[in-house]
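Here is a short guided tour to read with the model open beside you. Follow along strand by strand, and keep the viewer handy.

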Amino acid sequence: MKILVINGPNLNRLGLREPTIYGSNTLTDLEKNLLVFAETEQVEVACFQSNHEGDIIDAIHEAEGQFDGIVLNPGAFTHYSYAIRDAIASITLPVIEVHISNVHAREEFRHTSVTAPVVSGQIVGLGFKGYELAMLALKEQVGGKNR
Ligand code: DQA
């Protein structure tokens with residue numbers, strides 16, 4: 001089972017960016033932890049980050065056939081990118097949307113997710129742990145399908 005983790009814009013600034021909201025750990029810390037977690041869970045993981053909408057769309061398209069599921073934090077694209085929403089809808093892989101912060105406790109514009117209707121589920125506000133929980137959910141979802 002292979003999982004692709006995609007982090008969107010500004011998530012390369014984790015650790016530096018608004019640490020009271022996103023914590024003091026970096027994207028490298030997050031990705032290292034996910035690699036270790038994946039090993040203990042006996043899944044394969046690849047991590048990708050981009051600040052560019054088109055690159056994220058390409059990564060979503062290219063994941064089909066190469067991965068069994070996607071963990072996606074689209075960053076601010078969550079709130080307005082119909083193109084990313086359509087990319088998710090265009091593939092058959094399960095996608096779980098993750099937000100580090102509790103977007104519902106923040107500014108009004110963060111309460112809307114245009115990607116939410118086309119993902120399998122959302123994990124919000126649980127910090128970096130959300131990515132691990134999303135991986136477990138995919139493992140169960142995809143494992144269940146193969147049984
Ligand atoms: C975020 C929440 C978004 O509103 C914000 O634009 C981000 C990060 C999160 O992980 O909490 O860049 O997706």
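Asn7 has Asn73 of strand 3 as its bridge partner. Helices (H or I, at least four residues) and strands (E, at least two) are DSSP runs here, numbered from the N terminus. The model is predicted, so local features need pLDDT of at least 70 and side-chain atom pairs count only at pLDDT 80 or more, while totals for chains, interfaces and linings use all residues. Residues are numbered from 1 along each chain as its sequence is written.

**The sheet**

Strand 1 (residues 2-7) and strand 3 (residues 69-73) run parallel and are joined by 5 bridges. Another rung of this ladder is Val5, whose bridge partner in strand 3 is Val71. Strand 1 also runs parallel to strand 2, with 6 bridges joining the two; here Ile3 has Val45 of strand 2 as its bridge partner.

Step back and you can see 5 strands in an open sheet, ordered 2-1-3-4-5 with parallel pairing. Strand 2 (44-49) and strand 5 (121-124) are the edge strands, each pairing on one side only. On average, neighbouring strands of this sheet are turned by 20° against each other, direction ignored. Two strands pair if DSSP finds at least two bridges between them, and as general background, strands of a sheet pair through backbone hydrogen bonds, either parallel or antiparallel.

The table gathers the pairings along the sheet.

| Strands | Direction | Bridges |
|---|---|---|
| Strand 1 and strand 2 | parallel | 6 bridges |
| Strand 1 and strand 3 | parallel | 5 bridges |
| Strand 3 and strand 4 | parallel | 3 bridges |
| Strand 4 and strand 5 | parallel | 4 bridges |

Helix 2 (residues 27-40) lies across strand 1 and strand 2, and runs at about 165° to strand 2. For such angles, axes are lines fitted to C-alpha atoms, for helices over the stretch in contact, and the values run from 0 to 180 degrees between N-to-C directions.

**The enclosed strands**

How many residues of strand 4 are buried? In strand 4 (residues 95-99), 5 of the 5 residues are buried, so this strand is largely enclosed by the rest of the structure. A residue is buried if 20 or more other C-beta atoms lie within 10 Å of its own, exposed if 12 or fewer, and partly exposed in between, with C-beta atoms placed from the backbone. In a regular strand the side chains alternate between the two faces of the sheet. In strand 4 both faces are covered: Val95, Glu97 and His99 are buried on one side, Ile96 and Val98 on the other. Strand 1 is largely enclosed as well, because 5 of its 6 residues are buried.

Glu97 is a handy residue to click on: Leu72 stands opposite Glu97 in strand 4, and in strand 5 the bridge partner of Glu97 is Gln122. Strand 3, helix 4 (residues 82-89) and strand 4 make a right-handed β-α-β unit; right-handed describes a crossover that, with the strands pointing away from the viewer, runs clockwise from the first strand over the helix to the second.

**Ser113 and Leu133**

Ser113 sits in the loop between strand 4 and strand 5, and counts as buried because it has 21 C-beta neighbours inside 10 Å. Not counting residues up to four places away in sequence, Ser113 touches Thr78, His79 and Glu97, where contact means C-beta atoms, placed from the backbone, within 7 Å. The C-alpha atoms of Ser113 and Arg85 are separated by 9.4 Å, with their positions 28 residues apart along the chain.

Leu133 belongs to helix 5 (residues 129-146). With 15 C-beta neighbours inside 10 Å, Leu133 counts as partly exposed. Leaving aside neighbours within four places in sequence, Leu133 is in contact with Ile123 and Leu126.

**Around the ligand**

Which residues surround the ligand? They are Asn10, Asn73, Gly75, Ala76, Thr78, His99, Ile100, Ser101, Val103 and Arg110, where being near means a C-beta atom, placed from the backbone, within 6 Å.

**Two loop residues with positive phi**

Most residues other than glycine have a negative phi. Glu18, not a glycine, has a positive phi of about 30°, and lies in the loop between strand 1 and helix 1 (19-22). Gln42, also not a glycine, has a positive phi of about 55° and is found in the loop between helix 2 and strand 2. Glu18 counts as exposed because it has 11 C-beta neighbours inside 10 Å; Gln42 counts as exposed with 8.

Notes. Contact = placed C-beta atoms within 7 Å.
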